[in-house]
Amino acid sequence: MAPSAPSGSISTASSPSSATSTSTTAAVASTSEAARAGAILTIDLAAIAANWRTLRDRAGPAACAAVVKADAYGLGAARVAPALAVAGCRSFVVATLDEAIALRGVLPEGTEVICLGGLPADSEGEFQRHAVTPVLNHLGEVERWRVFARWRGTPYPAVIHIDTGMNRLGLGPDELDRLATEPDRLDGLTVRLWMSHLACAEADSPMNAAQLAAFRAALARLPAAPASLANSSGLFLGSDYRFDLARPGCALYGVNPTPGRPNPMSGVIRLDARVLQVRNVDSPMTVGYGATHRVAGSGKVATVAVGYADGYARTLSGRGHVHVGGAAAPVVGRISMDLITVDISHLPDGAVVPNAFVELIGPSRPVDTVAEEGGTIGYEILTALGRRYHRVYTGGAAEGL
Ligand SMILES: Cc1ncc(COP(=O)(O)O)c(C=O)c1O
C-alpha cells in the first residue's frame with residue numbers, strides 16, 4: 001500500500017554522490033536508513049530546475065535569480081543551488097551572511113550571491129572575502145560599504161534597497177531624499193541593483209500599482225543602474241514589474257504564485273510517513289492528547305510516524321488530511337510531537353497496514369492545500385520541514401549532477 005514515489009534517479013541526502021537509477025520509495029526503503037525512517041521526504045531537483053526555467057522565460061528579457069534563503073525554503077540549498085546553477089541560474093539570493101558563505105562553497109565560479117540581511121557590524125571583510133554582494137538597507141550601511149570599498153581601492157558592488165511600502169527594511173522617504181540629493185554618497189560603489197519588495201504581490205491589491213509607481217519615481221531620482229522588484233507572484237503581475245532581475249523563491253519550490261488560479265508550477269516535494277499501528281476503535285472512545293476526538297462509532301485509526309517535532313504543523317490537528325489507500329483520510333485528534341492519528345474507517349479492511357506509507361504532501365496533497373488546512377502558508381510548511389525526515393533527492397542526473 002506504499003504510495004509510489006516520483007520516478008527518476010535518486011540519491012540520499014546522507015550520501016549525495018551515490019545516485020542510482022532506482023525509482024520507487026519501496027526501493028529507497030531498501031537502504032537501511034530509509035528502511036527504518038518514520039518519514040521520507042523526496043525532493044525533485046529536476047522539477048525545481050524546470051520551475052526556474054518557467055520563471056526565467058516569464059521574466060525575460062529580465063534575468064532571473066533564485067531565492068535560496070532558509071536552506072532553499074527548507075529543501076536543502078547545498079543540493080538545490082548547484083542544480084539551479086546547472087540549469088543556468090547565475091544570481092542567488094540568501095538572507096544571512098552565513099547562508100551566503102555556505103552557498104559559495106557549493107556554487108561554481110561566475111555566480112553571484114546577494115545577501116538580503118544588510119551589512120552586520122564588522123562584516124565588510126567577510127562580504128569581500130566570499131564575494132557576497134550585500135543588500136544595503138539604510139544609509140549607515142551604504143556609508144560603511146563605501147568607506148570599505150574606498151579603503152580597498154575597489155568599487156565593490158552593492159544592492160540598495162528602497163522601501164516602497166513594506167516599512168520593514170530599506171531606505172525610507174527621508175533617506176531616499178538624502179541619497180537623491182547627495183549622490184556622492186555612492187562614490188566608490190557600484191550599484192549592482194536598486195531593489196524594492198512587494199507587500200501584496202499574490203493579491204489583486206492597489207498596493208502593487210502604488211509600490212510600482214513609488215519605485216519608478218525613486219529610480220527617476222537616482223543614478224542609472226539595473227533594478228529589481230518582482231518576487232514569484234510579482235512575475236505574474238505583468239511585464240511592468242519585471243525590471244532587470246526577478247527574484248522568485250516560493251514558486252521554484254512548487255508553491256502557487258497565483259493563489260485562486262491554477263498553479264503554473266510543478267510540484268517539487270513529496271512527504272510520505274509510515275503507518276506504525278492500525279487500531280480498531282468504537283464509541284465512546286477518544287483519540288489522542290486532550291481526548292479532543294470522540295469516536296462516533298465503530299471504526300479504524302492509523303497511527304503515523306510524523307509529528308510537530310518534524311514540522312508537521314500542530315494547527316493541522318483535526319483539520320488536515322493525508323492520502324492513503326487511494327483516498328483522503330482526515331487527521332483526527334491532536335498532533336503529537338512524533339505521531340499523528342488518521343481516521344481510516346472509510347477504507348476497506350487491509351487497505352492500510354503497519355509499514356504502509358501515507359502521503360502527507362505530494363501530488364494528492366499539494367503544499368498549498370496542506371497549508372490552507374493548517375491555517376498557514378506554503379512557505380511555512382516548507383521551511384518547517386523537519387530534520388528527522390530521511391531525505392531523498394531525485395532528478396539530479398537530469399540536471400547533470
Ligand atoms: C526581498 C525578497 N525578495 C524575494 C523574495 C522571494 O519571495 P517569494 O518566495 O514570494 O518568491 C523574498 C522572500 O521573502 C524576499 O524577502
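Reader: Which residue is the bridge partner of A302 in strand 19?

Author: The partner of A302 is V342, which belongs to strand 19. One thing to keep in mind as we go: this is a predicted model.

Reader: Got it. Which strand does strand 19 pair with over four bridges?

Author: With strand 16, residues 299–304. Strand 19 covers residues 340–343, and the two pair in the antiparallel sense.

Reader: How do strands hold on to each other, parallel or antiparallel?

Author: Either can happen: strands of a sheet pair through backbone hydrogen bonds, in a parallel or an antiparallel way.

Reader: OK, and how many bridges join strand 18 to strand 19?

Author: Two bridges, and those strands run antiparallel. Strand 18 spans residues 327–332. You can find V332 with T341 as its bridge partner in strand 19. V331 has its partner in strand 19 as well, and that one is V342. You've met V342 already, as the partner of A302.

Reader: Oh nice, V342 again. What about strand 17, what does it form with strand 18?

Author: A hairpin, with two residues between the strands. Strand 17 is residues 321–324, and its antiparallel pairing with strand 18 has four bridges. For one example, look at V322, whose bridge partner in strand 18 is A329. In the turn, G325 has a positive phi of about 60°.

Reader: Where's a residue other than glycine with a positive phi?

Author: Try D71, where phi is near 55°. D71 is found in helix 4, residues 69–73.

Reader: Why point that out?

Author: Because most residues other than glycine have a negative phi.

Reader: Fair. Switching topic: which residues are closest to the ligand?

Author: K69, Y73, S232, C250 and Y379 are the closest of the 14 residues that surround the ligand.

Reader: What classes are in that shell?

Author: Seven residues are nonpolar, four are polar and three are charged.

Reader: How far is the side chain of K69 from an oxygen atom of the ligand?

Author: An N or O atom in the K69 side chain is 2.8 Å from that oxygen. R247 also has a polar side-chain atom, 3.0 Å from a nitrogen atom of the ligand. G249 uses its backbone instead: an N or O atom there lies 2.8 Å from an oxygen atom of the ligand.

Reader: So is the ligand mostly buried or exposed?

Author: Buried: taken alone the ligand exposes 400 Å², and the protein buries 91% of that.

Reader: Where does the ligand sit?

Author: In the largest pocket.

Reader: Cool. Back to sheets: which strands form the open sheet with parallel pairing?

Author: Seven strands do, in the order 5-6-7-8-9-10-11. The edges are strand 5 (66–67) and strand 11 (227–228), each of which pairs on one side only.

Reader: What joins strand 10 to strand 11?

Author: Two bridges, with the strands running parallel. Strand 10 is residues 189–195. To see them side by side, look at W194, which stands opposite A227 in strand 11.

Reader: Last thing, which residues does a cis peptide bond join?

Author: G60 and P61 are joined by one, with omega about 5°. P61 lies in the loop between helix 3 (45–59) and strand 4 (63–64). Another cis peptide bond joins S283 and P284, where omega is about 10°. P284 is in the loop between strand 13 (269–281) and strand 14 (286–287).

Reader: And what are most peptide bonds, cis or trans?

Author: Most peptide bonds are trans.

Methods
Residues are numbered from 1 along each chain as its sequence is written. This is a predicted model: local features need pLDDT of at least 70, side-chain atom pairs count only at pLDDT 80 or more; totals for chains, interfaces and linings use all residues. Side-chain values use heavy atoms; hydrogens and water are left out. Two strands pair if DSSP finds at least two bridges between them. A residue is near a molecule or strand if one of its heavy atoms lies within 4 Å of it. A polar contact is a pair of N or O atoms within 3.5 Å; within protein, one must be able to donate a hydrogen and the other to accept it, and residues adjacent in sequence count only if both atoms are side-chain atoms. Accessible areas come from the Shrake-Rupley method with a 1.4 Å probe; for residues, only the protein chains shown count as cover. On a 1 Å grid over the protein atoms alone, a cavity is a set of points where a 1.4 Å probe fits but cannot get out, and a pocket is an open set with protein on both sides within 12 Å along at least five of seven lines; lining residues have an atom within 4 Å of a point. A molecule sits in a cavity or pocket if more than half of its atoms lie within 2 Å of its grid points. Ala, Val, Leu, Ile, Met, Phe, Trp, Tyr, Cys and Pro count as nonpolar, Asp, Glu, Lys and Arg as charged, and the others, Gly among them, as polar.
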